Amino acid sequence: MSEPFKILTSQAVVLSQANIDTDQIIPARFLTTTTREGLGKAAFHDWRYEDDGSAKPEAVLNRIDPAERRILLAGPNFACGSSREHAPWALVDYGFRAVISTSIADIFTSNALKNGLLPIEVDQAVWDDLAAYPDQPVTIDLEAREIRRGAAAPVAFKVESFARQCLLDGVDPLGWLQARLPAIESYEAARRPETV
Amino acid sequence: MSKTLFDKVWDRHIVSPQTADTPAVLYIDLHLVHEVTSPQAFSEIAARGLPVRRPDRTFATLDHSTPTLPAGADGQRPYFTDAARAQVETLEANCARHGIDLSGWDSDDRGVVHVMGPELGLTQPGMTVVCGDSHTATHGAFGALAFGIGTSEVGHVLATQCLLQNKPKAMRVTVNGRLQPSVSGKDVALAVIARLGFGGGTGYVIEYAGDAVRSLDMEGRMTLCNMSIEAGARAGMIAPDAFTVAWLQGRRHTPKGVAFARAAADWLTLKTDAGAVFDAEIEIDGAAIRPMATWGTTPDAGAPIGAPAPSPRNASDEKALAYMGFTPGEATTAHPVDVVFIGSCTNGRLPDLRAAADVLRGRKVRPGVRMLVVPGSEAVRRDAEAEGLDRVFIDAGAEWRIPGCSMCIAMNGDFVAPGQLAVSTSNRNFEGRQGKGARTILASPATAAASAVTGYLTDPRAYLGHSPHERDRTASESIGGQTPLKQGGAARQPIGANTNV
């Protein structure tokens with residue numbers, strides 16, 4: 001469904017604020033769409049644009065070239081709040097392929113993994129180190145499950161193995177789930193009626 | 001082996017177990033759908049040529065993008081944007097195409113998804129319930145495992161009735177002691193979240209236990225479970241008891257007769273065994289909880305009303321206080337309130353409206369304050385109007401609207417203007433959540449109503465104590481109520497009772 005994710009080398013954008021919620025990532029008024037395309041311009045909209053629609057020159061996301069900075073280094077409890085999958089859709093359309101934080105909300109993690117956006121949780125020391133060198137390219141190697149920066153020692157990260165395989169293959173898990181239909185039918189047949 | 005409530009419900013729904021390489025396949029009993037997070041999921045299954053596998057387990061409503069003002073004389077609904085109208089029409093078309101029961105504009109059942117599901121008896125103990133909405137945890141008040149999912153997962157459930165899930169960790173939050181009569185489920189929720197911290201529940205399913213939790217009526221329990229996500233937890237659960245069974249009996253989709261008795265007997269087995277081990281345990285003294293309100297831009301920034309705004313602990317606090325316009329050390333009750341909102345999946349149910357009306361009866365909303373009251377469903381609206389609550393709100397100077405999410409998510413045209421300060425019974429005080437530049441204080445319905453009267457954030461206790469209609473204080477009584485009989489009595493049954501089949 002999405003572009004396979006194997007290895008990514010890029011500079012990072014640092015948004016160090018804690019608790020960046022999904023209403024910041026994409027305000028609710030952009031959720032009336034019925035498609036998933038074209039939401040990049042809504043990403044962090046109210047951080048990036050004035051009321052009259054003009055770009056805020058001081059906003060970091062307006063100053064960088066998204067093609068060069070595909071890693072978002074975000075503060076703790078990133079993407080907390082609503083379940084809107086529009087958040088990863090907007091981040092991916094803007095240009096991000098990976099988010100690194102010390103903690104990332106559960107539903108966002110699940111949503112991101114289904115859209116070719118790799119969420120990585122790291123220790124504070126690792127985060128601090130990456131944030132100290134945002135202009136130095138970082139390599140995220142999903143096959144090896146490690147982050148490499150220059151001559152620094154590689155940092156291992158955890159990613160759920162099934163989601164990793166889906167990312168490496170660029171597939172949504174729906175196909176795999178569909179292949180379980182015989183088991184699902186057996187389960188339904190075996191259910192006692194009073195246990196719903 | 002001793003099991004938690006969560007273990008028991010989880011285990012019942014395993015189609016295939018979790019392995020080192022694959023998540024568990026978890027069966028979903030009830031899939032609730034609304035217009036905002038479903039269109040791309042329907043497109044996805046259409047693109048793959050897949051049908052909706054179990055339309056009989058799928059129920060839809062219109063709530064987020066819908067106007068809360070009625071249709072005009074020309075029959076046209078006052079949608080905020082053409083996109084909002086198109087989104088509603090897309091769900092109508094998808095439901096018609098796939099044979100999904102939609103509680104749409106012409107339905108007497110339409111409501112905010114997490115208000116409607118329980119009142120129709122769709123939500124039952126022991127079920128797995130999902131919805132493309134993070135406040136799905138609400139349904140956990142009945143001992144269901146209920147959690148929010150993204151749109152890709154909505155597509156998975158539409159196509160297979162299952163989800164791929166790794167089992168979360170389990171946390172028990174025990175609130176013991178007797179709650180003060182004026183302390184509602186919302187105050188308990190804000191106190192719990194303040195204790196856990198905004199991300200403190202991430203990775204967990206929370207079970208709420210203890211005397212204080214047991215003393216809440218079902219609506220108060222729903223409010224508490226609803227806000228689990230505001231501590232980062234995907235789900236919150238409360239073991240079913242006699243209150244739960246009484247509340248569910250007679251609702252449209254619950255079993256009838258002997259089947260109900262059998263189901264109820266099974267539901268009452270759904271409780272954590274003695275000796276079951278949780279990954280985390282938190283205890284809170286319920287007797288010490290006071291009416292709560294938030295001072296910052298995260299739901300964990302809660303404190304008893306009247307407490308001064310705190311000194312910032314870090315840059316986030318500093319930013320939040322600056323956004324809210326609060327000075328450390330100064331009381332947040334000193335700032336004029338512009339807007340009061342009563343409603344949402346958190347506090348849009350009948351006891352919530354009663355609690356607000358009890359404060360407002362015989363009083364006026366202070367001039368200059370805009371107060372919006374939005375019932376959580378058509379059933380709540382009918383019941384509230386039958387009791388005359390609409391007149392109480394209108395006579396006080398508030399606006400009485402038709403059901404929807406309204407100003408909680410502010411995507412339907414109901415919003416708080418830039419810079420305005422709102423006291424809201426909703427669930428999120430994020431920057432801009434209730435409108436660009438809007439400032440939100442989260443609080444209970446009684447607090448919101450008292451704040452509308454004074455024009456400042458106000459502890460409702462003085463107002464509740466002097467209500468001219470003391471005998472109608474069913475909401476606050478039921479919070480301290482001890483017997484299921486009171487909950488199941490005639491006065492507690494009107495929701496949905498007229499629509500039983």
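Begin with chain B of this predicted model and select the five strands E5, E4, E3, E6 and E7. They form an open sheet in the order E5-E4-E3-E6-E7, and the pairing is parallel. The two edges of this sheet are strand E5 (101-103) and strand E7 (145-148) of chain B, each of which pairs on one side only. From one strand to the next, the twist averages 20°.

Next, select strand E6, residues 128-131 of chain B, together with E7(B). The two strands pair in the parallel sense over four bridges. To find the register, display Val130(B), which stands opposite Phe147(B) in E7(B). As background, strands of a sheet are paired through backbone hydrogen bonds, in either a parallel or an antiparallel manner.

Now move along chain B to strand E18 (residues 421-424) and E19(B). This pair is also joined in the parallel sense, over four bridges. Here Leu421(B) stands opposite Arg439(B) in E19(B). Show the side chains of strand E19, residues 439-442 of chain B: Arg439(B) and Ile441(B) point one way, whereas Thr440(B) and Leu442(B) point the other way. All four of these residues are buried, Arg439(B) included. In general, side chains in a regular strand alternate between the two faces of the sheet.

For a contrast with these buried positions, select Ala334(B), in the loop between helix H11 (315-324) and strand E15 (339-342) of chain B. Is Ala334(B) buried or exposed? Ala334(B) has 12 other C-beta atoms within 10 Å, so it counts as exposed. Then add Tyr456(B) to the selection. Ala334(B) and Tyr456(B) are separated by 122 residues in sequence, yet their C-alpha atoms are 6.6 Å apart in space.

Zoom out to the whole of chain B, which contains 19 helices and 19 strands. Its radius of gyration is 21 Å, close to the 23 Å that the globule rule gives for 501 residues, so chain B is as compact as a globular protein of that length. Along the principal axes, the C-alpha atoms of chain B fill a box of roughly 60 × 55 × 50 Å. Of its 501 residues, 62% count as buried. Among contacts in chain B between residues at least 6 apart in sequence, 75% join residues at least 24 apart.

Colour chain B by pLDDT. The mean for the chain is 93, and 93% of its residues reach 70 or more. Select residues 466-501 of chain B, where pLDDT stays under 50; the model has 67 contacts beyond four places in sequence for this stretch. Where pLDDT is low, predicted coordinates should not be read in detail.

Turn now to chain A, which has nine helices and seven strands. The C-alpha atoms of chain A fill a box of roughly 60 × 45 × 25 Å along the principal axes. Buried residues make up 45% of the 196 residues in chain A. Among contacts in chain A between residues at least 6 apart in sequence, 66% join residues at least 24 apart.

Finally, display both chains and select the contact between them. How many residues does each chain give to the contact? Chain A contributes 47 residues and chain B contributes 60 residues. On the side of chain A that touches chain B, the elements giving two or more residues are helix H1 (22-25), helix H5 (106-113), helix H7 (161-169), helix H8 (174-178) and helix H9 (181-190) of chain A. Coloured by residue type, this side of chain A divides into 17 nonpolar, 17 polar and 13 charged residues. The model as a whole scores ipTM 0.96 and pTM 0.94.

Notes: Residues numbered from 1 in each chain as written. Chains lettered and ligands numbered in written order. Predicted model: local features only at pLDDT ≥ 70, side-chain atom pairs only at ≥ 80, totals over all residues. Contact = placed C-beta atoms within 7 Å. Nonpolar A, V, L, I, M, F, W, Y, C, P; charged D, E, K, R; others polar. pLDDT = per-residue confidence, 0-100. Rg over C-alpha atoms; globule rule 2.2 N^0.38 Å. Buried ≥ 20, exposed ≤ 12 C-beta atoms within 10 Å, placed from the backbone. Pairing = 2+ DSSP bridges. Axes fitted to C-alpha atoms, helices over the stretch in contact; angles between N-to-C directions.
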